[in-house]
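Subject: Handing over a structure, with notes

Dear colleague,

I am passing on the structure below, together with some notes on what was found in it. Please read the notes with the structure open beside you.

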Amino acid sequence: MMNELQVPGGAAGWRQHHAAQQPRYPDPQALADAAADLRTRPPLVFAGEVDSLREKMVLASQGRAFVLMGGDCAESFHDNTAVNIRLKLQTILQMAAVLTYGASTPVVKIGRMAGQYAKPRSSDTETRDGVTLPSYRGDSVNDHAFTAEARIPDPQRMVDAYLRAGTTLNLIRSFTMGGYADLREVHSWNRGFTANPAYKRFESFAEEIDRAMRFMEAAGVDFEALRQVDFYAAHEALLLEYEDAMTREDSRSGRLYDTSAHFLWVGERTRGADDAHVALLAGVHNPVGVKIGPTTTRDELLSLIDHLNPDGDPGRLSLITRMGADRIRDVLPPLVEIVRADGRPVTWITDPMHGNTITSENGYKTRRFDTIMDEVRGFFEVHRALGTVPAGIHVELTGDDVTEVLGGGEHIDEAGLARRYETLVDPRLNHQQSLEMAFEVAEMLRG
Ligand code: PEP
Ligand code: MN
């Protein structure tokens, strides 16, 4: 049980550190009021659940489980509907079913959901047709609409984000505890996938899974036990006031947990080892991640481990690499060697999205499916060559039929991007592309 002890400033005093990417709220009192309000609210997740994820991350780091982390680049309040949540959850569960078979190990299912509402931006301002306004920083900060009014950071949005995260988690819990995620059902969802001729090459694989399911059923496997699945929530711990207000002491252990999600990560733009974001996560017991890009140095890497996992506890720290398909085979091996020589365990996860963003000729921020898959392949190659464990994937996806990523079995081309380009920030794999990725990764996992 969580008690209601207040923890001003968080455990590690992040307020004394440089904080990048924070909104400039016009009214400090309104910010203080919103934060005080959040401190009185119930936690969104519980310490026991967070600990169980941490144990699963240990297994993943050792190759005895595989992590699947996926969801929107930026969740939006507008899209916080039952249908959207269900389709996203369904997509992740379908991918997990395919990966479980490929890896012959459990898949740790984590949604970039129920709190992925704050975004780092490369510029503080955005200019359109000669008009310059503050950048959109995610629905927990300001509104996407391009008007002066909409772009003013409003701290009340943190409370709104909390409430929406709560309703999202409530629906996820209902679906995953109530039998909707029954393994047999998830598998039957996958049958439709191979109906598309583009996915013919996965047909025999899908049939194998089918046969395995029938075998288990015939052998009297207790499917009742498989009716419930563990599903966890994660987001970038970007908005410091929000994460701080959600940090609570667990009365069983006296430890601090960020109760806004089970897993939190620090982004590539805010991962300075002496900066506020790392200080905040250093003080909580959740499993945490850090995005690392191709410019990461040896010193940065080792100081991140010093701050976030000084004692080398397995399952605590994930390194989420986002190198770019053209660089991963060169830049990842030395970093893996440094960590291996250090000896403190990490969980290596690939984010094949953020190093591969391009602008199409018709002006869309997009990515190519083939390039994304090439980075995943590079990730597996590097770890297999070095004898380390490729422990998971972190992807931007949606359960919808959007057209934001080029290619895949539906051959989305540049003109096709215009058809359903709906993301607020980065391009997401659509439902079919997500499944295609799962089949391909399952093949890689089988070696
Ligand atoms: C993201 O995950 O949406 C993101 C901004 O990633 P990164 O920090 O790796 O650029
Ligand atoms: Mn993104």
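Which residue of β13 does Ile 358 stand opposite? The residue that faces Ile 358 there is Thr 366. Before going further, please keep in mind that this is a predicted model.

The small sheet around that pair

Strand β13, which covers residues 365–368, pairs with β12 in the antiparallel sense, and two bridges hold this pairing. Both belong to an open sheet of three strands, in the order β12-β13-β15, whose pairing is mixed. Its edge strands are β12 and β15 (405–406), each of which pairs on one side only. As background, the strands of a sheet pair through backbone hydrogen bonds, and they do this in either a parallel or an antiparallel way.

Strand β11 and its neighbours

Strand β11 takes in residues 347–350, with Thr 347 and Ile 349 pointing one way and Trp 348 and Thr 350 pointing the other way, and all of these residues are buried. Strand β10 (residues 317–321) runs parallel to β11 and is joined to it by four bridges; within this pairing, Leu 319 stands opposite Trp 348. Between these two strands comes helix α10 (residues 328–342), and β10, α10 and β11 together make a right-handed β-α-β unit. Strand β11 is also joined to β14 (residues 390–396), again in a parallel arrangement, this time by three bridges, and here Ile 349 has Gly 392 as its bridge partner.

Strand β2 and its neighbours

A second place to look is strand β2 (residues 107–112), where six of the six residues are buried. Both of its faces are covered, with Val 107, Lys 109 and Gly 111 on one side and Val 108, Ile 110 and Arg 112 on the other. Strand β1 (residues 66–71) pairs with β2 in the parallel sense over six bridges, and one example of this pairing is Val 67, whose bridge partner in β2 is Val 108. The chain passes from β1 through helix α3 (residues 82–103) to reach β2, and this β-α-β crossover is right-handed. Strand β2 also runs parallel to β5 (residues 231–236), to which three bridges join it, and in that pairing Ile 110 stands opposite Tyr 232.

The surroundings of ligand 1

Ligand 1 has around it Cys 73, Arg 112, Lys 119, Pro 120, Gly 267, Glu 268, Arg 269, Lys 291, Arg 322, His 354 and Glu 396. Sorted by class, this shell has seven charged residues, two polar ones and two nonpolar ones. Polar side-chain atoms come up to oxygen atoms of the ligand in several places: one of Lys 119 lies at 2.7 Å, an N or O atom in the side chain of Arg 322 is also placed at 2.7 Å, and one of Glu 396 lies at 3.1 Å. On its own, ligand 1 has 300 Å² of accessible area, of which the protein covers 97%.

One member of this shell, His 354, sits in the loop between β11 and β12 (358–359). Is His 354 buried or exposed? His 354 counts as buried because its relative accessible area is 18%, which is under the 20% cut-off. The side chain of His 354 makes a polar contact of 2.7 Å with the side chain of Asp 351, and another, of 2.8 Å, with the side chain of Glu 396, a residue that is itself among those around ligand 1.

Two further residues

Asn 430 is found in the loop between α12 (414–417) and α13 (431–445). With a relative accessible area of 1%, Asn 430 is buried, and its side chain reaches the backbone oxygen of Val 402 at 2.9 Å.

Glu 126, by contrast, lies in strand β3 (residues 125–128) and is partly exposed, with a relative accessible area of 24%. Glu 126 and Glu 249 are 123 residues apart along the chain, and their C-alpha atoms are separated by 39 Å.

With best regards

Notes. Residues are numbered from 1 along each chain as its sequence is written. Chains are lettered from A and ligands numbered from 1 in the order in which they are written. This is a predicted model: local features need pLDDT of at least 70, side-chain atom pairs count only at pLDDT 80 or more; totals for chains, interfaces and linings use all residues. Side-chain values use heavy atoms; hydrogens and water are left out. A residue is near a molecule or strand if one of its heavy atoms lies within 4 Å of it. A polar contact is a pair of N or O atoms within 3.5 Å; within protein, one must be able to donate a hydrogen and the other to accept it, and residues adjacent in sequence count only if both atoms are side-chain atoms. Accessible areas come from the Shrake-Rupley method with a 1.4 Å probe; for residues, only the protein chains shown count as cover. Ala, Val, Leu, Ile, Met, Phe, Trp, Tyr, Cys and Pro count as nonpolar, Asp, Glu, Lys and Arg as charged, and the others, Gly among them, as polar. Buried means under 20% relative accessible area, exposed over 50%, partly exposed in between (1.4 Å probe, protein chains only). Two strands pair if DSSP finds at least two bridges between them. A crossover is right-handed if, with the strands pointing away from the viewer, the path from the first strand over the helix to the second runs clockwise.
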